[in-house]
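Here are a few short exercises on a sheet and its strands. Keep the sequence and the 3D view open as you work through them.

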Amino acid sequence: MDTSAPRPLPRRIAHLDMDAFFASVELLRYPQLKGLPVVIGGGRRRVDEAIRDLPRGATLADIPISAFPLLKDYAGRGVITTATYPARQFGVGSAMGLMKAAKLCPQAIILPVDFDEYRKYSRAFKQIIADIAPVMEDRGVDEVYIDFTEIPGGQREGGRSLARLIQRTIFEATGLTCSIGVAPNKLIAKMASEFEKPNGISIVHESDLATRIWPLSCRKVNGIGPKADEKLQRHGIHTVGDLAERDRDWLMSSFGRSTGAWMHEVAWGRDDRPVVTHSEPVSMSRETTFDRDLHAIRDRAELGAIFTHLCEKVAGDLERKGFVGKTIGIKLRYADFKIATRDHTMSAFSSDAKTIRRIAGQCLKRVPLERPLRLLGVRVGNLARADADGVRLMEASAKDPAPEQAVHALGDLGDSRRHGSPGSRGPGTAPLFESS
């Protein structure tokens with residue numbers, strides 16, 4: 001009698017990425033724009049002005065194409081959140097400045113972002129996936145990892161059968177398309193999901209490493225950024241295959257023990273990371289990029305209102321998700337794109353908006369505010385569950401010290417001590433835009 005244990009099923013991990021997600025959601029609202037170059041960005045949606053001129057009973061779908069604003073007429077410093085595939089053909093893409101994009105594709109239609117709508121559709125497609133294949137890892141508003149290994153049908157055709165079912169069900173329920181890569185691990189699955197975009201399915205097996213993964217540029221590996229890629233290219237390493245040919249010890253000596261060892265593993269397609277169905281956030285933040293540079297003196301009232309609004313939004317996020325935090329921080333980006341951050345750790349946890357506003361205001365006193373600002377952000381870290389044992393919800397004392405080791409500055413901002421000690425307006429600092 002054969003008493004040997006059954007052989008484990010081959011690991012099949014899927015990466016699902018929604019196709020041009022924000023833009024696709026907008027096209028559900030404005031079907032008349034399908035097939036046209038459209039970019040999303042430049043501010044949050046307030047009201048659809050164009051619909052005011054339509055007859056009674058008309059819908060958003062009835063707005064004539066000529067009524068939509070064009071990218072060539074945009075003036076401001078916003079960035080593209082996403083773009084439709086017709087717009088991408090002109091070189092327009094996410095995180096690109098709208099003014100730069102206007103030079104590449106002036107005829108593109110520009111729509112403001114609507115995060116509430118995107119989150120609604122995000123919850124919808126993730127619930128569909130969870131109902132079919134519950135071992136799912138949420139990786140953001142428009143992408144997830146799914147473990148197909150033990151799911152009925154997850155091994156059929158290498159996972160293609162189950163991927164088709166998920167893809168079809170999402171489309172039937174929402175009208176949105178997605179692309180799916182299925183592979184032995186998360187590393188390769190993420191690369192595979194880009195192979196057949198949009199609305200494609202790519203299946204990669206271990207035996208496909210040399211033919212499908214090694215010819216890719218190193219930048220296709222999630223985790224190899226522009227600087228690392230530039231250094232690799234200086235050593236004559238352009239593709240994942242080139243990377244695989246290098247000795248592990250050489251990579252470790254050239255890029256550091258940890259990074260070099262990781263590069264060797266990924267070049268050979270090795271990745272044992274599990275699909276994590278639940279993880280706790282380490283921080284929550286809100287930030288906004290201004291349409292124009294704002295100054296702490298000239299625009300004090302406007303900045304103060306924005307600052308308070310950000311604190312209230314973060315507090316609302318914490319309350320809604322059941323978290324409290326101890327570390328409050330701020331982030332500033334100046335007109336020259338240099339960044340400054342400051343944070344302070346309180347003696348007790350809180351999710352109170354007034355407490356966050358007060359401590360964030362103390363952090364503001366420790367940054368130079370003479371230069372115009374283009375971005376402001378508020379962050380709460382060192383999180384814990386509000387109902388966890390040992391967590392005491394109380395407002396931090398106004399006398400909480402701001403220790404020197406809590407000061408962090410990114411970019412070439414010089415020694416922060418030149419601008420005064422924590423909690424004071426030192427020489428050269430502008431009046432704060434916090435409320436009096």
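Buried means under 20% relative accessible area. Keep in mind that the model is predicted.

**Exercise 1.** Work out how many residues of E1 are buried, and which way each one points.

Solution. Start with the strand itself: E1 covers residues 13-18. Next, apply the cut-off: six of its six residues are buried, so E1 is mostly covered by the under 20% criterion. Then sort the side chains: Ile13, His15 and Asp17 point one way, while Ala14, Leu16 and Met18 point the other way. This fits a general pattern: in a regular strand the side chains alternate between the two faces of the sheet.

**Exercise 2.** Find the strands that pair with E1, and give a residue pair for each.

Solution. Take E7 to begin with: E1 pairs with E7 in the antiparallel sense, over six bridges. Here Asp17 stands opposite Ser179. Now turn to E6, where the pairing with E1 is also antiparallel and has five bridges. The bridge partner of Ile13 in E6 is Asp147.

**Exercise 3.** Place the strands in order and name the edges.

Solution. The open sheet has five strands in the order E5-E6-E1-E7-E8, with mixed pairing. Its edge strands are E5 (136-138) and E8 (201-203), each pairing on one side only. From one strand to the next, the twist averages 15 degrees. At the E5 edge, three bridges join E5 to E6 (residues 143-147) in an antiparallel run, and Asp138 stands opposite Val144 in E6.

**Exercise 4.** Which strands does helix H5 lie across?

Solution. H5 (residues 160-174) lies across E1, E6, E7 and E8. Its direction is at about 160 degrees to E7.

Conventions:
Residues are numbered from 1 along each chain as its sequence is written. This is a predicted model: local features need pLDDT of at least 70, side-chain atom pairs count only at pLDDT 80 or more; totals for chains, interfaces and linings use all residues. Side-chain values use heavy atoms; hydrogens and water are left out. Two strands pair if DSSP finds at least two bridges between them. Helices (H or I, at least four residues) and strands (E, at least two) are DSSP runs, numbered from the N terminus. Axes are lines fitted to C-alpha atoms, for helices over the stretch in contact, and angles run from 0 to 180 degrees between N-to-C directions. Contact means heavy atoms within 4.5 Å. Buried means under 20% relative accessible area, exposed over 50%, partly exposed in between (1.4 Å probe, protein chains only).
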